[in-house]
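User: Hi! Could you take me on a close tour of the ligand site in this model, and then point out any backbone or ring details elsewhere that I should know about?

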Amino acid sequence: MSHRLVVVGAGYAGLSAAKRLARKLRRSDVTITLVNASDRFVERVRLHQLAAGQHLATLPLRQRLAGTSVQLVVARVTAIDATARTLCLDVAPGAIGYDTLVYAAGSRAWFDGVPGAAEHAYTVADLARATRLRRRVAEMASGGTVAVVGAGLTGLETASELASSHPELRIRLFTGGDDVGAGLVPRAQNHVRRALDRLGVSVHPGTVVAAVRQDGLDTMDGASFAADAVVWTTGFRAPELARTAGFATDENGRMLIDATLRSVSHPEVYAVGDAAAGIAVGGAPSRMSCQAALPMGRGVADVVAARLSGREPGPVRIGYAFTNISLGRRDGVVQFTHPDDRPRRLALTGRTAAAYKEAVVRSTVGFGARGASSRPEQDS
Ligand SMILES: Cc1cc2nc3c(=O)[nH]c(=O)nc-3n(C[C@H](O)[C@H](O)[C@H](O)COP(=O)(O)OP(=O)(O)OC[C@H]3O[C@@H](n4cnc5c(N)ncnc54)[C@H](O)[C@@H]3O)c2cc1C
């Protein structure tokens with residue numbers, strides 16, 4: 001019987017893993033199956049653009065896998081039976097067995113138990129929710145208010161994208177921190193402040209949101225703000241699948257793995273991307289980012305291929321080169337970093353940074369290669 005290699009999740013990490021595995025393992029005794037909840041690749045890094053009303057390219061997975069030996073199964077994994085080494089699926093064939101599992105299920109919005117947030121807040125964390133926000137924004141009257149909660153990278157990008165695409169709306173940005181752009185060198189941080197100001201985004205620093213209502217939010221210090229939509233961008237969390245299956249995970253549900261991306265509790269299982277707590281250069285857990293997901297995807301293919309060939313692989317390096325922030329389509333910041341994610345003195349700002357980021361984003365999906373089309377996004 002052939003060795004059943006199954007990859008769960010066809011995002012940046014899982015798709016790159018499956019394709020590289022197919023290239024490395026041209027063997028009749030190994031089958032490679034990629035299970036994904038949808039039949040298309042979602043450019044998650046552009047979901048704030050989608051929410052602002054821009055069109056995303058449609059990237060069908062079958063086209064992106066054409067010419068490889070990877071078998072695509074479009075289904076949602078509802079549970080993992082780690083003892084029977086079986087995935088339960090929400091549609092036929094109902095279940096699928098594995099000998100080696102690569103877990104690449106990504107992450108989702110994390111509401112951190114704030115009352116009303118899960119019920120009322122919008123997010124840009126996945127296609128369905130970003131599409132819902134897009135619809136809400138499109139129906140708002142001029143003068144409508146969007147409150148973005150969280151001024152990390154996703155919050156900054158979402159607030160500035162909405163403000164530049166919808167100058168008729170009022171955009172507020174709430175952060176519990178003292179300022180925006182923490183972790184950037186002063187020149188880059190000043191640029192972010194000025195860009196938000198130019199776009200008319202009102203920043204509320206030092207403001208912790210205590211509750212979200214259908215028509216706005218309440219803050220810890222007792223203030224209330226009306227909003228036609230509240231967008232929650234304070235962080236991401238891995239799905240519960242790994243934890244409930246009994247795999248060792250951290251407090252964010254990310255699978256605990258060793259330097260070869262292998263589960264520390266189940267040696268036949270590997271994890272990559274946002275769903276994995278990788279060990280980055282410097283020893284910190286990997287940052288949820290394409291910069292970590294892509295090398296992990298490629299790295300796991302090398303590791304698994306080596307082990308299936310009887311060789312012991314070396315560690316997979318997860319290092320960083322920059323932090324990219326778009327501030328609308330024509331402005332941005334690129335903060336260059338050391339491999340351990342500490343900022344370097346060098347940063348790009350303005351149009352050059354926007355162009356740099358666009359080139360990086362395109363490169364992550366081989367944009368323009370087979371499978372890309374410019375068909376407008378369908379609301380779903
Ligand atoms: C708006 C936004 C902007 C961002 N900008 C940047 C940026 O500029 N730079 C950067 O580095 N990072 C950015 N990120 C983060 C980046 O998108 C993630 O780190 C990256 O997508 C992680 O890749 P992944 O493959 O681990 O997960 P994902 O890309 O999320 O892919 C996971 C896949 O698994 C599938 N899946 C999940 N659960 C199941 C299941 N149960 N069954 C079957 N399939 C399942 C999903 O459908 C999806 O296809 C951004 C994120 C957002 C939301």
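Analyst: Happy to! Let's begin with one backbone contact: a nitrogen atom of the ligand sits 3.1 Å from a polar backbone atom of Ala-37. Please keep in mind that this is a predicted model.

Two further contacts of this kind involve the protein backbone. At Tyr-12, a backbone N or O atom lies 3.0 Å from an oxygen atom of the ligand. At Val-77, a backbone N or O atom is 2.8 Å from a nitrogen atom of the ligand. How much of the ligand does the protein bury? Taken alone, the ligand exposes 990 Å², and the protein buries 88% of that.

Now for the secondary structure that supplies the shell around the ligand. Two or more residues come from each of helix 1 (12-24), helix 6 (153-165) and helix 9 (290-308). Helix 9 gives the largest share, with 3 residues. Tyr-12 is 3.0 Å from the ligand through a backbone atom, and residue 12 is also where helix 1 begins.

Which residues come nearest? There are 29 residues around the ligand, and those that come nearest are Ala-13, Asn-36, Asp-274, Cys-290 and Lys-357. By character, the shell splits into 15 nonpolar, 9 polar and 5 charged residues.

The site also draws on more than one domain: at least three shell residues come from domain 1 (3-107 + 238-308), and at least three from domain 2 (111-234). For context from the record, an unreviewed UniProt entry places the feature "domain: FAD/NAD(P)-binding" at residues 4-296. In the model, that span is 27% helix and 26% strand, and its end C-alpha atoms lie 20 Å apart.

Here are the backbone details you asked about. The peptide bond from Ala-92 to Pro-93 is cis, with omega near 10°, and Pro-93 is found in the loop between strand 7 (86-89) and strand 8 (95-97). Asp-112 is not a glycine, yet its phi is positive, at about 55°; this residue lies in the loop between strand 10 (108-109) and helix 4 (117-120). Leu-261 likewise has a positive phi, near 70°, and Leu-261 belongs to the loop between strand 19 (255-256) and strand 20 (269-271).

Finally, the rings. The model has 5 aromatic pairs. One of them joins Phe-322 and Phe-336 edge-to-face, at 6.4 Å centre to centre and with 90° between the planes. Phe-322 lies in strand 22 (residues 322-326) and Phe-336 in strand 23 (residues 332-337), so this pair ties together parts that are 14 residues apart in sequence.

How values were computed: Residues numbered from 1 in each chain as written. Predicted model: local features only at pLDDT ≥ 70, side-chain atom pairs only at ≥ 80, totals over all residues. Heavy atoms only, no water. UniProt positions renumbered as here; feature names shortened; annotations may be inferred. Helix = DSSP H or I, 4+ residues; strand = E, 2+ residues; numbered from the N terminus. Near = heavy atom within 4 Å. Polar contact = N/O pair within 3.5 Å; in protein donor to acceptor, adjacent residues only side chain to side chain. Areas by Shrake-Rupley, 256 points an atom, 1.4 Å probe, with all protein chains shown as cover. Nonpolar A, V, L, I, M, F, W, Y, C, P; charged D, E, K, R; others polar. Domains from an automatic or database assignment. Phe/Tyr/Trp six-rings, centres within 6.5 Å; stacked < 30°, edge-to-face > 60°.
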